[in-house]
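Me: I should like to examine how the helices of this protein pack and what lies on its surface. Please take the points one at a time.

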Amino acid sequence: MQFQIASSYYLNNVRPRVTLAWSAVYTQTLNEETMNGAHWHLVLNHLPIIIPMVGLLVMIGGLLTKSEILKRAAYSIFILGVIAAIAAFSTGEGAEEVVEEIQGIDEQLIKVHEEAAEVFAIILYVLGAVSLIGLWASWKEKSFSALISFVAVALSLAGLFFAKQTGTTGGEIRHTEIRADGI
C-alpha cells in the first residue's frame, strides 16, 4: 500500500515537473534564436582536441600492454575525433559571421585561426583514414597492423600540436589576455 502511494505521488507530482524542466531545456537548446553559429562552434570546438588526446592515451596503453582490444578502441576513438572535427569545422563559418559583427574583433585573428583549423582538420582526416586501415588490419590480423599503430601515434601527436595552435588562435579572437601582445 505504501509503495502505491509513493509511486502515485511520483507519477502525479515529481515526474511532470522533471519532464517539464527537461522539455524547457530541450526546447531552448533547439531554438535557433538562442543557438547561433558561434554558440554551436563553442559547444563543439573542444571535442576534436580532447577526443584524440583520449585516443592517444588508449593507444599508448595498447602498445605497452600489446593489447589489440585497446588498439582497436583507440582507432575507434580517433575516428570519433574525426567526426567531431567535421562537426566543429562545419560550424566555423557560422561562428565567423557572428563574431565579425562584434566591435573590436580583428579579422586577421579569425583568418589565422581558420588557417590553423584547416591544417588541424587535414591531420585529423588523415588520422581517421589511418585509423580505419588500422582497425581493419587489426581485425584481419595483418602483419603491418603494428606499424599502423605507431603511425597513428605520430599523427595524433602532430594533431595535438596543431590542436594547440588552433585552440590558442581561436581563443585569441575573444580573449585578449592570452594574446602575445596582450591587446
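The questions and replies below concern a predicted model.

Me: How are α4 and α6 oriented to each other?

Reply: In this predicted model, helix α4 spans residues 68-90 and helix α6 spans residues 107-139. Their axes come within 8 Å and cross at roughly 150°. Angles over 145 degrees count as roughly antiparallel. The orientation of α4 and α6 is therefore roughly antiparallel.

Me: How many residues of the contact of α4 with α6 are nonpolar?

Reply: α4 passes α6 in a left-handed crossing. The residues of this contact include 6 polar and 3 charged ones. The number of nonpolar residues in the contact is 15.

Me: Which helix supplies the largest share of the nonpolar patch formed by Ile86, Phe89, Ile122, Tyr125 and Val126?

Reply: These five residues lie on the surface, and together they have about 440 Å² of accessible area. Phe89 is located in helix α4, and α4 and α6 each supply at least two residues of the patch. The largest share, 3 residues, comes from α6.

Me: Which residue meets Lys71 in a salt bridge?

Reply: A search of the whole structure finds 1 salt bridge. The side chain of Lys71 takes part in it, with an N to O distance of 3.3 Å; a salt bridge requires such a pair to lie within 4 Å. Both partners belong to helix α4 and are 3 residues apart, about one turn of the helix. The partner of Lys71 is Glu68.

Me: What is the orientation of α2 and α5 to each other?

Reply: Helix α2 covers residues 37-44 and helix α5 covers residues 92-99. The two pack with their axes 7 Å apart, at an angle of about 130°, and their crossing is left-handed. An angle of about 130° falls outside the ranges for roughly parallel, roughly perpendicular and roughly antiparallel. α2 and α5 are therefore oblique.

Me: How is α6 oriented to α7?

Reply: Helix α7 is formed by residues 145-174, and its axis comes within 8 Å of that of α6. The two axes cross at roughly 160°, and angles over 145 degrees count as roughly antiparallel. The orientation of α6 to α7 is therefore roughly antiparallel.

Me: How many charged residues does the contact of α6 with α7 have?

Reply: α6 passes α7 in a left-handed crossing. By class, the contact has 21 nonpolar and 10 polar residues. The number of charged residues is 1.

Methods
Residues numbered from 1 in each chain as written. Predicted model: local features only at pLDDT ≥ 70, side-chain atom pairs only at ≥ 80, totals over all residues. Heavy atoms only, no water. Axes fitted to C-alpha atoms, helices over the stretch in contact; angles between N-to-C directions. Helix = DSSP H or I, 4+ residues; strand = E, 2+ residues; numbered from the N terminus. Parallel < 35°, antiparallel > 145°, perpendicular 65-115°, else oblique. Left-handed = near helix turned anticlockwise from the far one by under 90°. Nonpolar A, V, L, I, M, F, W, Y, C, P; charged D, E, K, R; others polar. Patch = residues over 30% accessible without salt bridge, like charges linked within 9 Å, V, L, I, M, F, W, Y side chains within 5 Å. Areas by Shrake-Rupley, 256 points an atom, 1.4 Å probe, with all protein chains shown as cover.
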